[in-house]
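Me: I am new to this structure. Please show it, and then let me ask some short questions.

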Amino acid sequence: MLHDKRICFIGAGSMAEALISGLVSKKLLPAQQIYANNRGNSDRITELVTRYGIAAPDKEDPIRTADILVLAMKPKDVATAIEGIRSFTRPDQLVISVLAGTSTDYISSLLGHPAAVIRTMPNTSAAIGMSATALAPGQYATEEDMSIATTVFEAVGIAEVVKEEELHAVTGLSGSGPAYVYYLVEAMEDAGRDMGLEPDVARRLILQTIIGAANMLLEPGAEPDVLRRNVTSPNGTTAAGLAVLAEHGFQEAIRACIRRATERSEEMGAEASVTSK
Ligand SMILES: NC(=O)C1=CN([C@@H]2O[C@H](COP(=O)(O)OP(=O)(O)OC[C@H]3O[C@@H](n4cnc5c(N)ncnc54)[C@H](OP(=O)(O)O)[C@@H]3O)[C@@H](O)[C@H]2O)C=CC1
Ligand SMILES: O=C(O)[C@@H]1CCC=N1
């Protein structure tokens, strides 16, 4: 479906690289049909061209000729970025946004035409084909547009269709989510070091524990509270450890973290639209 399409990334940072890496390794379309541009860091573009074999830069042409534009700059930069490319865009292009907080209507208004915009929230695990992505169509996007966008994100992980207003919560949960897991690993590694374990041994044990637990949860009928109880022997080590987590407000901390990240997504969307005024 995408084999003859041209995709141009506007913004070439971490998220663009994760998607490019995933798309190229999954061979969803030839790497030479993928373009990336940014505000002006040409070394970064050269790095992506060399690393993934994507097409060499050409400032205006890929934007004019692309079938799909992927907006991948920070939300605060979207107005300036679109101002810079607006005259090269076409009304029939599909616009996929990965921007936190930023509404499809706002992007259409910046483009100045009823653009088919699909708002998405992937995560950086797209780089290894393991993103958890949610997508929502803007008011001018068709079913075919959604089908194309879903194909893109299914190539780099799983894709779930949600209502646009739910994307703030998705951002707090799974967009930012990899960072929470890395933070947990950092804390577990510190603890392992404190207990005298070799860091490389501790890392291997921690990662296999996380992978094993995630795979247990993927088994049919698995529930986290049941699995947790299965680990927790009465008066044993797990019960002792979990009691300390409860004393430190672990569950409340996680809920507050995701709530705050969700609110921040809402704030960033509002800030981006104020900046452009
Ligand atoms: N990082 C993540 O885990 C995730 C990020 N996102 C979203 O992805 C988007 C990008 O985030 P991330 O990749 O982390 O950010 P980065 O800071 O890594 O990259 C931002 C990119 O945008 C470019 N840019 C800035 N201004 C313009 C402009 N006017 N025209 C063209 N390009 C411009 C920058 O170019 P230059 O270097 O030249 O300044 C840079 O290439 C954000 O909106 C974020 O909400 C979504 C899901 C997960
Ligand atoms: O931190 C951020 O704002 C972006 C959005 C989700 C992950 N990173």
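Me: How do the residues of the shell around ligand 2 divide into nonpolar, polar and charged?
Reply: This is a predicted model, where local features need pLDDT of at least 70, side-chain atom pairs count only at pLDDT 80 or more, and totals for chains, interfaces and linings use all residues. Residues are numbered from 1 along each chain as its sequence is written, while chains are lettered from A and ligands numbered from 1 in the order in which they are written. Ala, Val, Leu, Ile, Met, Phe, Trp, Tyr, Cys and Pro count as nonpolar, Asp, Glu, Lys and Arg as charged, and the others, Gly among them, as polar. Around ligand 2 stand A100, T171, G175 and S176, and the split is one nonpolar, three polar and no charged.

Me: Which elements give two or more residues to the shell around ligand 1?
Reply: A residue is near a molecule if its C-beta atom, placed from the backbone, lies within 6 Å of it. Ligand 1 is surrounded by 28 residues, and the closest are G11, G13, N38, R39 and A100. Helices (H or I, at least four residues) and strands (E, at least two) are DSSP runs, numbered from the N terminus. The elements are α1 (14–25) and α4 (78–85).

Me: Why is one side of some strands left without a neighbour in the sheet?
Reply: Two strands pair if DSSP finds at least two bridges between them. The open sheet has seven strands, in the order β2-β1-β3-β4-β5-β6-β7, with mixed pairing. Each edge strand has a single partner, so one side has no neighbour; these strands are β2 (34–37) and β7 (157–161).

Me: What is the bridge partner of V95 in β5?
Reply: Strand β4 (residues 94–97) pairs with β5 (residues 116–121). The sense is parallel, over four bridges. The partner of V95 is V117.

Me: How far apart do the C-alpha centres of domain 1 and domain 2 lie?
Reply: Domain bounds come from an automatic or database domain assignment. The chain is divided into domain 1 (7–163) and domain 2 (177–260). Their C-alpha centres lie apart by 34 Å.

Me: What is the mean pLDDT of the chain?
Reply: pLDDT is the predictor's confidence in each residue, from 0 to 100. In this chain, 98% of residues reach 70 or more. The mean is 96.
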